[in-house]
Each structure stands twice: as C-alpha cells, then as structure tokens.
Amino acid sequence: MNQKLSPNLPLVQNADLEGKVVLVRVDHNVVKKGKIADPFRIESTIGTLFHIVERGGRLVLMSHVGRPRDKKTGNITVSDATSVAPIAEYLEKKLNISFLTPECPATERGIVDPGNTLKDAVECLKKREVGGVYLPNTRWFAGEENKGEEREKFAAMLASLADVYVNDAFGSWQPHASTYDVARLLPSYAGFLMQKELIGLDAVLNPKRPFVAVVAGAKYDTKIGPVRALFDRADTLILGGVIYNTYLAARYNAEITGVSDEEEAMAREVISLDEKKGKILEPRAVTESDVADGRVEGKYRTVDLNDIHNGGSYKYFLDVAPTAFEDPKLKSAIGNAKTIFVNAVMGFAPHFTDGSEALYDLIDQNEDAMKLYGGGDTLATFKELLPGAYLDGIDEDTYYYFTGGGAVLKVIEEGDPYALEPVRALMESGK
Ligand code: 3PG
C-alpha cells in the first residue's frame, strides 16, 4: 500500500508542536461495562501520541465511549460504564506518563457547564505537574452531539484549551463537536492512524481484481447503502447474518422467522440487479434453529439451499453452515481473489460461530490476496476464533485491519476516502 495522501490534508508530522498544548481526538471506544474489551484501537494511536510527546507537545486526549445519550429524551447517563478512566490507566502503563482525568459536574442532560475543571487540568499540564490530560467521555457533554449554541460553546471551550488539534479518530466518522467543529477553530492535522486508514481505504476503493466483498449485519435497513455500493464495486458479493436471511427470504420466496416483509422488500432491489450481473455468491447451506437464543442439541440442523422450496416456511437461520465453504465455487472465488474485504460476522454469536470460522479460515488460505477486515465485531470475532491468523495478520502486509467499521462502510458508500466530514474539516482547516 504505497498510495499517496491528498496534498490538501494537513499532517501531524508537519505541525509545529514544540511547547504546544495538543488536543487529540482519538477513537478509544473500547470500553464495555467499564473494562477494556480489546485495546487494538488504543494501540493503533500510540504512534501519534509518542510523536507528539517526542516533538515537545503536551497531550490533551479525548474520545467518546459507548452511546450514553438517550436518543428519545436527549438525556445523558454519566456513569463508570462509559468512563475513559480505564483507558487513561492503560495509557499510563504504556507510555509511562501520568494522566489527569478531570471530573466535571453533571446533570441529567450530561455535562452542561464544566466550570473551570478542564482549564485547571490544562494549567497543571502546562506546569508539567502531570504528563497528560484525558478529558471526560466527549458524549457526556451536552454540546457534543446537539446542534446550535450549546454545541458551538462546547467546541469553543475545547478549542480554548489547546493550541493545536489532531484528529486520529478514524472510527468516529460522525461530525460532532469534538470531531468536526473544533477542527474549524484551531490549526488542525491528521494523526498517523488517520493517515494510514485513508491509505488503507484506497485498497478497497481501487482494489486489485478479482475483488470479493463479504458483508453481514444485524438489520438489513442499516446496511442497504453499503450492500448496494459493495454490489457495484465488487466482482463477487457474499452476504451473511440477518442480511443474508433477508436476502434468502426474498430470493426463494420463503418465510423465515424474524424476517419482516418490509426488509424482504428492500432486498428485492439487489436481487433484481443481480439477475443481470450474477455477482452474489450464495453460501449454499445454512443452520436453522428452533430457538433463537442458544445452541440446543437436537434443535438445530443444516438446511441445503437446494431444498428450500418456493413458499416454504423456516425457523431461525442463525448461521451459514460451515459446509457451505466447501463448495468449489465459493472456494475458487475466495481462493483466486486479489482483494477481499470483510465486514461480517456470519452467525449469531456466541452460539453460532462455525460459519465465521470457516469463512475467515478459507480467506486466510489465500496468502496473496490483500485481506482487509473492518468493524469492531468482525475483528473481535476473528481474533477469538482464529487467534493465530489474527495475530499474524497484524504484522503481515497482506492483511489490514481498519479501526472503524462504520467509517469504512460510509466511505465505500461515498466512494471517496476524503468524503468523511471530520476529514473534510481537516482539509478545510489547512487551506
Ligand atoms: C465505533 O465503535 O464504531 C466507533 O467508535 C463509532 O461509534 P458510534 O457508532 O457509537 O458512533
């Protein structure tokens, strides 16, 4: 991957950081129930953090964790479950730097007015009483996702803390105060992870062919855009998860428990397009289960697609059966691919993981292809099912792991790595 970055993107390596307070937006959204689930995203930003410190910058970090805001009421739950404290502790050990994690008064609408807590913390940083500051979860602040004055004030307050802004939060593609607005108020630069991800995206947008894409998801409606875009871009498209159930229900006019008529109707568009193109490759066997919430002996079975009758009725399809990956057509498509993009957990974890294991294993056997994995769940499943291949992949040139799944799908839909709004804000800041 030797592609160049856009000359309009300001890069952290070109910034004057000596003695500057550097506000760094990272995507350290790795805390589940107050514990670090997988530090991959933290580790991926260490290069940028080290660089800033080595160049004389003073670190003020910020990230969102989880979704503490209730979409309906707008209320924000400030609790240990979505605190950045475990991340700051992790970084203290990694970087041998002490991090101050200031606490701000919160209401049921989250942090509306932090008072002087954040300014005071940055003063300690300037006096070198601490090595770094890790701000509270950005989504605890009322102004982060809101529109209007509250958001403008929050962005201005963030900007007032620092001299320079660096965005290394590739996965945080939504334009919020901490990812977008603040870039318009300070000299702003892309961190090394952001740069690497933008280059990685080029391999998906301009793939060596044949290009096989595998996409799955829990709901068809959230993935229509990416499925359509991948259908257009890939030579072969393989579906998994609930998306595949929806596709099968529509394609074979079958009734499958859990698939709604609305979703089925959405799948028809791509099915009719495929009549001419023939790009969708169906794994020809699935695992049907009588119960949705567990793997109960005697209550699940393999169903061959050849046996799915028009108008037939089925219980839950909870996985692609591993035998499906023995199909010579599928083996040849994956075995001969030059680029493979995977944003897919094939079955209903944690009980039905055989399909994902068989898929990832088959992909791993293609040593020459550029294999790009994206999405927290996809990477976590890959790591759990095939830890050896996953760990080898970290160091291999033929593997690439994106730190953000939604961000990659967004770019695939837009067709341009620089279309992500936080990235655009960096480019505009450089002008
Ligand atoms: C992610 O985990 O995909 C990113 O951190 C973005 O999180 P979000 O989907 O809650 O915005």
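# Reading a two-domain predicted model

By the distance rule for charged side chains, the count comes to 20 salt bridges, and the model in which they are found is a predicted one.

Q: How many salt bridges are there by this rule, and which residue forms one with Glu123?
A: The count is 20 salt bridges, and one of them is formed by Lys126 with Glu123, whose closest N and O atoms are 3.7 Å apart. An α-helix has 3.6 residues a turn, so residues three or four places apart point the same way. Lys126 and Glu123 are 3 residues apart in helix H4, and therefore about one helical turn separates them. Lys126 counts as partly exposed at 48% relative accessibility, and Glu123 is likewise partly exposed, with a relative accessible area of 37%.

Q: Which salt bridge pair links distant parts of the chain?
A: The side chains of Glu428 and Arg184 meet in a salt bridge with an N to O distance of 3.2 Å. This pair links distant parts of the chain, 244 residues apart, with Glu428 in helix H15 (residues 421–430) and Arg184 in the loop between strand S7 (164–167) and strand S8 (188–190). Glu428 counts as partly exposed at 35% relative accessibility, and Arg184 is partly exposed with a relative accessible area of 46%.

Q: Is Glu288 buried or exposed, and with which residue does Glu288 share a salt bridge?
A: Here the cut-off matters, since a residue counts as buried when its relative accessible area is under 20%. Glu288 has a relative accessible area of 8% and is therefore buried, whereas its partner Arg301 is partly exposed, with a relative accessible area of 32%. In the salt bridge between Arg301 and Glu288 the closest N and O atoms are 3.0 Å apart. Arg301 lies in strand S13 (residues 300–304) and Glu288 in strand S12 (residues 285–289), so the salt bridge ties together parts that are 13 residues apart in sequence. Elsewhere, Arg228, Asp232 and Glu269 are joined into one network by salt bridges that share partners.

Q: How should I read the place where domain 1 and domain 2 are in contact?
A: The size of an interface is often given as the accessible area lost when the parts come together. In this protein chain, domain 1 covers 12–199 + 419–430 and domain 2 covers 201–397, and their centres, taken over C-alpha atoms, are separated by 35 Å. Contact involves 7 residues of domain 1 and 7 residues of domain 2, and the area buried between the two domains is about 510 Å², with carbon and sulfur atoms giving 51% of that area. On the domain 1 side, Asp38, Phe40 and Ile199 lose the most area to domain 2, together accounting for 61% of what that side buries.

Q: What polar features join domain 1 and domain 2, and how many salt bridges are counted between them?
A: Between the two domains there are 6 residue pairs in polar contact, and the salt bridge count is 1. The side chains of Lys383 and Asp38 meet in a salt bridge, at 3.4 Å from N to O. Helix H1 (40–43) and helix H6 (192–205) are the elements that give two or more residues to the side of domain 1 that touches domain 2, and H6 gives the most, with 3 residues.

Q: Which backbone angles deserve a second look in this model?
A: Most residues other than glycine have a negative phi, and most peptide bonds are trans. In this structure the peptide bond from Arg209 to Pro210 is cis, with omega near 5°, and Pro210 is placed in the loop between H6 and strand S9 (211–217). The peptide bond from Ala349 to Pro350 is also cis, with omega near 5°, and Pro350 lies in the loop between strand S16 (339–343) and helix H11 (354–365). As for phi, Asn96 has a positive value of about 55° although it is not a glycine; Asn96 is in the loop between helix H3 (85–95) and strand S5 (99–100), and is exposed, with a relative accessible area of 71%. Arg128 has a positive phi near 65°, is found in the loop between H4 and strand S6 (132–134), and counts as exposed at 58% relative accessibility.

Q: What span should helix H5 have, and against which elements do its buried residues pack?
A: At 1.5 Å a residue, the 13 residues of helix H5 (residues 149–161) should span 18 Å, and the end C-alpha atoms are 19 Å apart, which agrees. The buried residues of H5 are Arg151, Phe154, Ala155, Met157, Leu158, Ala159 and Leu161, and they pack against strand S1 (21–25), strand S4 (58–62) and helix H4 (117–126).

Note on methods. Residues are numbered from 1 along each chain as its sequence is written. This is a predicted model: local features need pLDDT of at least 70, side-chain atom pairs count only at pLDDT 80 or more; totals for chains, interfaces and linings use all residues. Side-chain values use heavy atoms; hydrogens and water are left out. Helices (H or I, at least four residues) and strands (E, at least two) are DSSP runs, numbered from the N terminus. The expected span of a helix is 1.5 Å times one less than its number of residues. Buried means under 20% relative accessible area, exposed over 50%, partly exposed in between (1.4 Å probe, protein chains only). Contact means heavy atoms within 4.5 Å. Domain bounds come from an automatic or database domain assignment. Buried area is the accessible area (1.4 Å probe) that two parts lose on being put together, summed over both. A salt bridge is a side-chain nitrogen of Lys or Arg within 4 Å of a carboxyl oxygen of Asp or Glu. A polar contact is a pair of N or O atoms within 3.5 Å; within protein, one must be able to donate a hydrogen and the other to accept it, and residues adjacent in sequence count only if both atoms are side-chain atoms.
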